[in-house]
Amino acid sequence: MLNWTVRDLAEKSGVHRNTVTRVETDATAPGHSIAAIRAALESAGAIFLADGQSIDGGPGVRLAKPKA
């Protein structure tokens, strides 16, 4: 969606590349690292959708509309 590599996300969120990989495979528990990754994604325009907010009714992610 943002065309970022693991290295890009790690740098922008301030966590180690290995941590990003563990998050991608659900091998880490919720905590500071996941919050930092989410904050980096949100600052780049990602919007996290809760259950019931996406087209199919499940959770999802979309990009914010570009600002004019």
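The following paragraphs lead through the structure from its overall layout to its core and then to individual residues.

The model is predicted, with a mean pLDDT of 88 for the protein and 96% of its residues at 70 or more. Confidence is highest in helix α1, residues 6-13, at 97. It is lowest in strand β2, residues 60-63, where the mean is 87.

The protein contains three helices and two strands, and their order along the sequence is α-α-α-β-β. Taken along the principal axes, the C-alpha atoms fill a box of roughly 30 × 30 × 20 Å. Of the 68 residues in the protein, 22% are buried. The exposed surface amounts to about 5,100 Å², and carbon and sulfur atoms supply 52% of this area. Among contacts between residues at least 6 apart in sequence, 26% link residues at least 24 apart.

The interior can be approached through the largest nonpolar core, which has nine residues: Leu9, Ala10, Val15, Val20, Ala36, Ile37, Ala40, Leu41 and Ala46. Helices α1 and α3, the latter spanning residues 32-43, each supply at least two residues of this core. The largest contribution comes from α3, which gives four residues.

Leu41, one of the core residues, offers a route outward from this set. When neighbours within four places in sequence are left aside, Leu41 is in contact with Leu2, Trp4, Leu9, Ala46 and Phe48. Two of these partners, Leu9 and Ala46, are also members of the core. Another partner, Phe48, lies in strand β1, which covers residues 46-49.

Phe48 merits separate attention. With the same exclusion of sequence neighbours, Phe48 is in contact with Arg38, Leu41, Glu42, Gln53, Gly60 and Val61. The C-alpha atoms of Phe48 and Leu63 are separated by 8.8 Å, while the two residues are 15 apart along the chain. Why is Phe48 classed as partly exposed? Its relative accessible area is 28%, and the class of partly exposed lies between the limits of under 20% for buried and over 50% for exposed. Phe48 is therefore not counted as buried, and a nonpolar core admits buried residues, so Phe48 falls outside that set.

The aromatic residues complete the picture. A search of the whole structure finds zero aromatic pairs. Trp4, a contact partner of Leu41, has Lys12 lying over its face, at 5.1 Å from the ring centre.

Methods: Residues numbered from 1 in each chain as written. Predicted model: local features only at pLDDT ≥ 70, side-chain atom pairs only at ≥ 80, totals over all residues. Heavy atoms only, no water. pLDDT = per-residue confidence, 0-100. Core = buried A, V, L, I, M, F, W, Y, C linked by side-chain atoms within 4.5 Å. Buried < 20%, exposed > 50% of the residue type's maximum accessible area, 1.4 Å probe, protein only. Contact = heavy atoms within 4.5 Å. Phe/Tyr/Trp six-rings, centres within 6.5 Å; stacked < 30°, edge-to-face > 60°. Lys NZ or Arg CZ within 6 Å of the ring centre and 35° of its normal. Areas by Shrake-Rupley, 256 points an atom, 1.4 Å probe, with all protein chains shown as cover.
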